[in-house]
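Colleague: Before I rely on the descriptive terms applied to this structure, I should like to go through the reasoning behind them. May we begin with the core?

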Amino acid sequence: MKGVRDLLKSVEEFDEIIEDIISNETVQKMKNYRQHYDISCFEHCKNVAYISYKICKKLKLDYKAAARAGMLHDMFLYDWRIKQEGMKGFHAIKHPRVALENSKKLFELSNREQDIILKHMWPLTIKLPSYPESFIITIVDKYSAISEGFSYYVRRLRFGKKVDLHN
Ligand SMILES: [Fe+2]
Ligand SMILES: [Fe+2]
């Protein structure tokens with residue numbers, strides 16, 4: 001019972017930390033874009049934010065920054081599979097800067113939060129993350145991409161058809 005209570009408490013705290021972000025109209029639009037497989041950009045960001053929040057809390061790091069920046073780390077509003085007009089270079093390298101610029105227009109971000117967003121594709125983006133929370137998100141982001149892919153194929157095997165975006 002204690003385990004369930006702790007889980008509910010942590011979900012509640014996490015929801016409070018990111019409440020203003022996820023209720024923002026522009027952030028909500030991330031639900032319209034597919035990130036990996038049938039996972040929307042919004043859902044992927046929430047997965048990364050929650051796991052990073054849990055790890056950073058356990059390690060006594062800045063779990064609020066991890067949760068907030070995790071929720072914004074892929075704040076680009078386009079289908080990355082389609083070449084964007086006027087956008088040069090690879091999406092994988094460019095999008096952290098786009099996500100940061102979009103997020104700064106909507107929220108006040110600390111240096112740590114900005115670093116988390118900007119460096120989350122490291123080591124693809126060369127500059128080293130400056131904070132432990134940034135390192136954690138680089139790993140959690142990659143782990144989430146793999147596990148989202150894995151759960152997609154499990155669902156395909158179970159249900160035998162493509163599953164719609166859900167949030
Ligand atoms: Fe990303
Ligand atoms: Fe991501």
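Modeller: Certainly. The model is predicted. Its largest nonpolar core has 31 residues, and those with the most contacts inside it are Cys45, Ala49, Tyr53, Ala66, Ala67 and Leu72.

Colleague: Which elements give two or more residues to this core?

Modeller: They are helix 1 (2-22), helix 3, helix 4 (63-72), helix 5 (91-106), helix 6 (111-118) and helix 7. Helix 3 gives the most, with nine residues.

Colleague: What does Ala66 touch, leaving aside residues up to four places away in sequence?

Modeller: Ala66 touches Ser52, Tyr53, Cys56, Leu61, Ile116, Glu133, Ile136 and Ile137.

Colleague: Why is helix 3 called oblique to helix 7?

Modeller: The axes of helix 3 (residues 41-58) and helix 7 (residues 132-159) come within 9 Å and cross at roughly 130 degrees. Angles over 145 degrees count as roughly antiparallel and those from 65 to 115 as roughly perpendicular. The crossing angle of roughly 130 degrees falls in neither class, and therefore helix 3 is oblique to helix 7. The crossing is right-handed.

Colleague: Which residues make that contact?

Modeller: Helix 3 contributes His44, Asn47, Val48, Ile51, Ser52, Ile55 and Cys56, while helix 7 contributes Glu133, Ile136, Ile137, Val140, Asp141, Ser144 and Glu148. By class, the contact has seven nonpolar, four polar and three charged residues.

Colleague: What makes Lys54 partly exposed, and what makes Lys60 exposed?

Modeller: A residue is buried with 20 or more other C-beta atoms within 10 Å, and exposed with 12 or fewer. Lys54, whose place is in helix 3, has 16 such atoms and is therefore partly exposed. Lys60, found in the loop between helix 3 and helix 4, has 7 and is therefore exposed.

Colleague: What is notable about phi of Lys60?

Modeller: Phi of Lys60 is near 60 degrees, a positive value in a residue other than glycine. Most residues other than glycine have a negative phi.

Colleague: Which residues does the cis peptide bond join, and what is omega there?

Modeller: The bond joins Trp122 and Pro123, with omega at about 10 degrees. Pro123 lies in the loop between helix 6 and helix 7. Most peptide bonds are trans.

Colleague: Finally, what separation is found between the C-alpha atoms of Lys54 and Leu118?

Modeller: These C-alpha atoms are separated by 21 Å, and Lys54 and Leu118 are 64 residues apart along the chain.

Key
Residues numbered from 1 in each chain as written. Chains lettered and ligands numbered in written order. Predicted model: local features only at pLDDT ≥ 70, side-chain atom pairs only at ≥ 80, totals over all residues. Axes fitted to C-alpha atoms, helices over the stretch in contact; angles between N-to-C directions. Helix = DSSP H or I, 4+ residues; strand = E, 2+ residues; numbered from the N terminus. Parallel < 35°, antiparallel > 145°, perpendicular 65-115°, else oblique. Left-handed = near helix turned anticlockwise from the far one by under 90°. Contact = placed C-beta atoms within 7 Å. Nonpolar A, V, L, I, M, F, W, Y, C, P; charged D, E, K, R; others polar. Core = buried A, V, L, I, M, F, W, Y, C linked by C-beta atoms within 7 Å.
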